[in-house]
Amino acid sequence: MNIEYKDMRNRMKKNCIVWMLLLPLLIGCGRKTGGQEEAPAPLMLTDSLQKVVSVETVHEMPLSNELLLNGRVGFNPEQLARVYPIFGGNITEVNVEMGDYVKKGDILAVIHSSEVADYEKQRKEAGQQIILADRNLEATRDMFNSGMASERDVLQAEQEAVNARAEQKRIDEVYAIYHITGNSTYEIQSPVSGFVIGKNVSRNMQIRSDQSEELFTVSGLENVWVMADVYESDISKVCAGDRVEITTLAYRNRSFGGTIDKVYQVLNDESKTMSVRIKLQNKDYLLKPGMFTNVKVTCKASEERMARIDPHSLVFENGKNYVVAVDGDGSLQVKEVEIYKRSDKECYLRSGVTGGDKILNKNVLLVYNALNDDSK
């Protein structure tokens, strides 16, 4: 209650100061001389009045239009990774659940596979082949030195040793690529850092190497795409580079700014809408794929220009809108204006003021009331 009382008292003090500044002017305007009523002197923008009001210069600006679209948050396909099985087998371990965050290289699952056992056999055979090829090469060189073998025999033995090592290297690369760990098992590792957004496996499940369904889907959420639908009648109003302001039901008091970076020049057969894309940074993971959004697009400006002012400069009374204008000699007068379009940040006027005019945009209502009282 004390805080509310102090706020009310401060507002009363501020209003009293304004009226104290305006009162001498109003008294001077209402004096009579010799029983005859003098024409009221115009209310002037004095130095003392300038301390409690502010003056805005009206500018004529190109007309910008706003378009409200429906959109939805989606994954960035450039950060999306689908994980498929390399070999068939039995899943012995599953280490993640839906929604878990994983780093690149983290183990998602472990699979026991007979196909991996074949690679283990090949690896052992390749090792034996290297030993045999090296011994054969050494014996052939000794025979060449004794004159019992030709140079061609030596070259052939060297080639066999090279082939044996090449086969060993190939199998080692297979082990590294497919994360084979031995004991006829291999690991399914996450190819990217991100969140597990798809999981189609469970422990002891049998899988095939040729199955079309992915085991896991992992996606980063540092960047997301917002896809918005544009109706056919509005297609000409949007283009790449237009600024947008995005709001969601989850964060009513927060908006996300961006620009349209791609316009898909094809209409959906069912909805008869064209899609536009907005890429957004999402470092705090506030935007979740699947969220519905409102996308307010600031369309390209037209060639028409209109006077634009701050909405706080307006006074609404009896169904009409007014501003308090400042003439060149500093006198104040009320002018009726016609609004073309208004938002929270700007207001376009059809008539009433033009570019270069000066109007009040602070404590306008007090000055407006004073002028009206003076005219009466």
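This passage walks through two long-range helices' surroundings, a barrel of strands, one exposed residue and some ring pairs in a predicted model. The model is predicted, with local features resting on pLDDT of at least 70 and side-chain atom pairs on pLDDT 80 or more, while totals for chains, interfaces and linings use all residues. Residues are numbered from 1 along each chain as its sequence is written, and side-chain values use heavy atoms, leaving out hydrogens and water.

Helices come up first. Here helices (H or I, at least four residues) and strands (E, at least two) are DSSP runs, numbered from the N terminus. Helix 3 has 33 residues, and at 1.5 Å a residue these should span 48 Å; the expected span is 1.5 Å times one less than the number of residues. The C-alpha atoms at its two ends are 48 Å apart, which agrees. At the N-terminal end of helix 3, Ser113 acts as a cap, with a side-chain oxygen 3.1 Å from the backbone nitrogen of Glu115. Just past the helix, Gly147 takes a positive phi of about 85 degrees.

Which residues of helix 3 are buried? They are Val116, Tyr119, Glu120, Ala126, Ile130, Ala133, Leu137 and Thr140. Buried means under 20% relative accessible area, exposed means over 50%, and partly exposed lies in between (1.4 Å probe, protein chains only). The cover over these residues includes helix 4, strand 10 and strand 11 (185–189).

Helix 4 (residues 151–178) can be checked the same way. Its 28 residues should span 40 Å at 1.5 Å a residue, and the end C-alpha atoms are 41 Å apart, which agrees. The buried residues in helix 4 are Val154, Ala157, Ala161, Ala164, Gln168, Ile171, Val174 and Tyr175. Helix 3 (114–146) and strand 10 (180–182) are included in what covers them. Just after helix 4 sits His179, with a positive phi of about 55 degrees.

Now for the strands. Strands of a sheet pair through backbone hydrogen bonds, either parallel or antiparallel. Two strands pair if DSSP finds at least two bridges between them. In this model, six strands close into a barrel, in the order 5-15-18-17-16-19, with antiparallel pairing. Neighbouring strands of this sheet are turned by 40 degrees against each other on average, direction ignored; the axes are lines fitted to C-alpha atoms (for helices, over the stretch in contact), and angles run from 0 to 180 degrees between N-to-C directions. Within the barrel, strand 5 (residues 66–75) and strand 15 (residues 223–231) pair in the antiparallel sense over six bridges. Val73 has Val226 in strand 15 as its bridge partner.

Strand 7 (residues 89–94) has pairings too. With strand 13 (residues 206–207), strand 7 makes an antiparallel pair over two bridges, and Gly89 has Ile207 as its bridge partner there. Strand 7 also pairs with strand 9 (residues 107–112), again antiparallel, over four bridges. In that pairing, Glu93 stands opposite Val110.

Back to strand 18 (residues 273–281), where Gln281 is found. Is Gln281 buried or exposed? Gln281 is exposed, with a relative accessible area of 58%. Leaving aside neighbours within four places in sequence, Gln281 is in contact (heavy atoms within 4.5 Å) with Glu222 and Asn223. The side chains of Gln281 and Asn223 are joined by a polar contact of 3.1 Å. A polar contact is a pair of N or O atoms within 3.5 Å; within protein, one must be able to donate a hydrogen and the other to accept it, and residues adjacent in sequence count only if both atoms are side-chain atoms.

Last come the rings. The structure holds seven aromatic pairs. Rings of Phe, Tyr and Trp (its six-membered ring) pair if their centres lie within 6.5 Å, with planes under 30 degrees apart counted as stacked, over 60 as edge-to-face and the rest as tilted. Phe195 and Tyr285 form an edge-to-face pair, 5.1 Å centre to centre and with 85 degrees between the planes. Phe195 lies in strand 12 (residues 194–199) and Tyr285 in the loop between strand 18 and strand 19 (292–298), so the pair ties together parts that are 90 residues apart in sequence. Phe195 is buried, at 17% relative accessible area, whereas Tyr285 is partly exposed, at 25%. Elsewhere, Phe87, Tyr119, Tyr178 and Tyr186 form one aromatic cluster.
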